[in-house]
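Q: I am new to this structure and would like a close look at a single part of it. Could you take me through the salt bridges, starting with one pair and working outward?

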Amino acid sequence: MKNRVRELREGRTWSQGDLAEKLDVSRQTVNAIETGKYDPSLPLAFRIAKLFRLSIESLFDPAKD
Amino acid sequence: MPRYTEKQYRLQMLAVMTVYVVLMLAEWPHVRSIPSLPWKIALALAPVIPVVMAIWLMAKRVMHSDELEQRLHLLALSVATGMICAVTLVGGFLCASGVVALDGDVLIWVAPALSMFYGVTHVWLRRRYGSTGCP
């Protein structure tokens with residue numbers, strides 16, 4: 001599943017470590033989400049959306065793999 | 001709740017494993033020669049204490065992990081359990097059929113073998129999910 005997490009993170013000049021700390025996950029998890037290797041659970045997707053003040057639909061695109 | 005870091009885990013695991021190695025080197029060679037049965041049982045089982053502590057540390061690490069890390073631990077543990085089942089079944093059938101002779105001492109190697117399969121699988125999974133090195 002494609003997502004805009006990297007684009008949004010870089011737009012705020014956050015490192016993967018910064019984002020990981022804000023989401024209370026590991027840097028590896030942030031990297032796996034950004035590269036599309038791991039699709040986050042619904043609660044984590046909500047946390048990401050809330051952090052960027054966006055809807056889940058605008059962050060994640062299930063149509064693309 | 002602050003995350004249980006990999007550094008904390010490794011330091012605590014190192015301490016526990018040091019105790020295990022010291023026990024194995026210092027007292028285990030003398031266990032068979034001890035005449036008192038209660039002492040023999042106590043000293044024979046002493047190395048189990050650090051191993052149980054190590055299992056507790058592993059459980060603590062998993063409990064403090066995030067969802068992807070927990071998934072990797074589960075996958076690695078599943079692969080390791082499957083491998084141990086296969087290996088012990090092969091050994092058991094060969095022993096039962098008289099092809100090889102195994103005694104009870106071989107059971108000591110089950111836990112280290114499980115840890116080895118788990119560790120190798122976990123490293124492979126971490127790389128597959130994009131880990132670039134130590135967290």
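**A close look at the salt bridges**

A: Let's start with a single pair: A:Arg9 and A:Glu10 form a salt bridge, and their closest N and O atoms are 3.9 Å apart. Please keep in mind that this is a predicted model. That distance still counts, because the cut-off for a salt bridge is 4 Å between the side-chain nitrogen and the carboxyl oxygen. The two partners sit in different surroundings, as their accessibilities show: A:Arg9 counts as buried, with 7% relative accessibility, while A:Glu10 is partly exposed, with a relative accessible area of 46%.

A:Arg9 has another partner as well. It forms a salt bridge with A:Glu34, where the closest N and O atoms are 2.4 Å apart. A:Arg9 belongs to helix H1 of chain A and A:Glu34 to helix H3 of chain A, so this pair ties together parts that are 25 residues apart in sequence. A:Glu34 counts as buried too, at 10% relative accessibility. Stepping back a little, A:Arg6, A:Arg9, A:Glu10 and A:Glu34 are linked in a network of salt bridges. As a general point, side chains of opposite charge can pair when their charged atoms come close.

What lies around this network? A:Glu34 leads us onward, since it is among the residues that A:Val5 touches. Leaving aside residues up to four places away in sequence, A:Val5 also touches A:Leu19, A:Ile33, A:Ile48, A:Phe52, A:Leu59 and A:Phe60. A:Val5 and these six nonpolar partners are the residues with the most contacts inside the largest nonpolar core, which has 28 residues. Helices H1 (5-11), H2 (16-23), H3, H4 (42-52) and H5 (56-59) of chain A each supply at least two residues of this core, and so do helices H4 (67-96) and H5 (110-128) of chain B. Apart from it lies another core, of six residues, including B:Tyr4, B:Met13, B:Val16 and B:Leu57.

Now for the wider count: over all chains, the whole structure holds seven salt bridges. One of them joins the side chains of B:Asp105 and B:Arg32, at 3.6 Å from N to O. B:Asp105 lies in the loop between H4 and H5 of chain B, and B:Arg32 in the loop between helix H1 (6-26) and helix H2 (37-45) of that chain, so the pair ties together parts that are 73 residues apart in sequence. Here B:Asp105 is partly exposed, with a relative accessible area of 42%, and B:Arg32 is exposed, at 69%.

And how many salt bridges cross between chain A and chain B? The interface of these chains has zero salt bridges, although six residue pairs are in polar contact across it (both at pLDDT 80 or more). On the side of chain A that touches chain B, helix H3 (residues 27-34) gives the largest share, five residues. That side divides into five nonpolar, five polar and three charged residues. Each chain brings 13 residues to the contact. Together chain A and chain B bury about 1,100 Å², with 43% of it on carbon and sulfur atoms. Of the area that chain A buries against chain B, A:Gln28, A:Lys37 and A:Tyr38 supply 50%, more than any other three residues.

Definitions and conventions. Residues are numbered from 1 along each chain as its sequence is written. Chains are lettered from A and ligands numbered from 1 in the order in which they are written. This is a predicted model: local features need pLDDT of at least 70, side-chain atom pairs count only at pLDDT 80 or more; totals for chains, interfaces and linings use all residues. Side-chain values use heavy atoms; hydrogens and water are left out. Contact means heavy atoms within 4.5 Å. Buried area is the accessible area (1.4 Å probe) that two parts lose on being put together, summed over both. A polar contact is a pair of N or O atoms within 3.5 Å; within protein, one must be able to donate a hydrogen and the other to accept it, and residues adjacent in sequence count only if both atoms are side-chain atoms. Helices (H or I, at least four residues) and strands (E, at least two) are DSSP runs, numbered from the N terminus. Ala, Val, Leu, Ile, Met, Phe, Trp, Tyr, Cys and Pro count as nonpolar, Asp, Glu, Lys and Arg as charged, and the others, Gly among them, as polar. A nonpolar core is a set of buried Ala, Val, Leu, Ile, Met, Phe, Trp, Tyr and Cys residues joined through side-chain atoms within 4.5 Å. Buried means under 20% relative accessible area, exposed over 50%, partly exposed in between (1.4 Å probe, protein chains only).
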